[in-house]
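Me: Please take a close look at one part of this model with me. I am new to this, so keep the sentences short.

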Amino acid sequence: RQDSQIKLSGYRIELKEIDNTILRYPSIIKCLTQLYTRNNSSFLVCIFKLKIIGTSLVSSKISDNLGI
C-alpha cells in the first residue's frame, strides 16, 4: 500500500484524514500523525506546529472534531 492507512485496535485509520482535520484550525500550519509502538502497545502520536508563538489552542476542541 502506498497510502497512510493503519489498523489499530481493529479499526482502519487513515492518518492523513486526522492531519487534514487538525489542519482546519487556522492557528495550525503543520501536522504529522504517526503510529508509535512500544512494548507491544501501539499509540497514535500527533505533532503539530502553531502559526504564532503564544497562540492558545485547547486540545478538547480538536478531540471533539476527531470524535475521540
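**A close look at Leu-35**

Reply: Leave aside residues up to four places away in sequence, and Leu-35 touches Ile-6, Leu-8, Leu-15, Ser-42, Phe-43 and Leu-44. Keep in mind that this is a predicted model. Leu-35 sits in strand 3, which covers residues 28–38. Is Leu-35 buried, exposed or partly exposed? Its relative accessibility is 33%, so Leu-35 counts as partly exposed.

Now look across to Val-45. Leu-35 and Val-45 are 10 residues apart along the chain. Their C-alpha atoms are separated by 6.3 Å.

Val-45 leads us to the surface. Together with Tyr-36, Phe-43 and Ile-47, Val-45 forms a nonpolar patch there. The accessible area of these four residues comes to about 370 Å². Phe-43 belongs to this patch, and Phe-43 is also one of the residues that Leu-35 touches. Which element gives the most to the patch? Strand 4, residues 41–50, does, with 3 residues. Ile-47 is found in strand 4. Ile-47 counts as exposed because its relative accessible area is 54%, and the cut-off for exposed is over 50%.

Next come two cysteines, Cys-31 and Cys-46. How many disulfides does the structure hold? The number is 0. Why is there no bond between Cys-31 and Cys-46? The cysteine sulfur closest to that of Cys-31 is in Cys-46, at 3.5 Å, and that is too far for a bond. A disulfide needs the two sulfur atoms within 2.5 Å. Seen from the other side, Cys-46 is in no disulfide either, and its nearest cysteine sulfur is that of Cys-31. How do the two cysteines stand for exposure? Cys-31 is buried, with a relative accessible area of 15%. Cys-46 is partly exposed, at 31% relative accessibility. The cut-off for buried is under 20%.

Finally, step back to the whole chain. The protein chain has 2 helices and 4 strands. Read from the N terminus on, its elements run β-β-α-β-β-α. The chain has 68 residues, and 22% of them count as buried. About 5,500 Å² of the chain is exposed, and carbon and sulfur atoms supply 51% of that area. Take the contacts with a separation of 6 or more: residues 24 or more positions apart account for 30% of them.

How values were computed. Residues numbered from 1 in each chain as written. Predicted model: local features only at pLDDT ≥ 70, side-chain atom pairs only at ≥ 80, totals over all residues. Heavy atoms only, no water. Buried < 20%, exposed > 50% of the residue type's maximum accessible area, 1.4 Å probe, protein only. Patch = residues over 30% accessible without salt bridge, like charges linked within 9 Å, V, L, I, M, F, W, Y side chains within 5 Å. Areas by Shrake-Rupley, 256 points an atom, 1.4 Å probe, with all protein chains shown as cover. Salt bridge = Lys/Arg side-chain N within 4 Å of Asp/Glu carboxyl O. Contact = heavy atoms within 4.5 Å.
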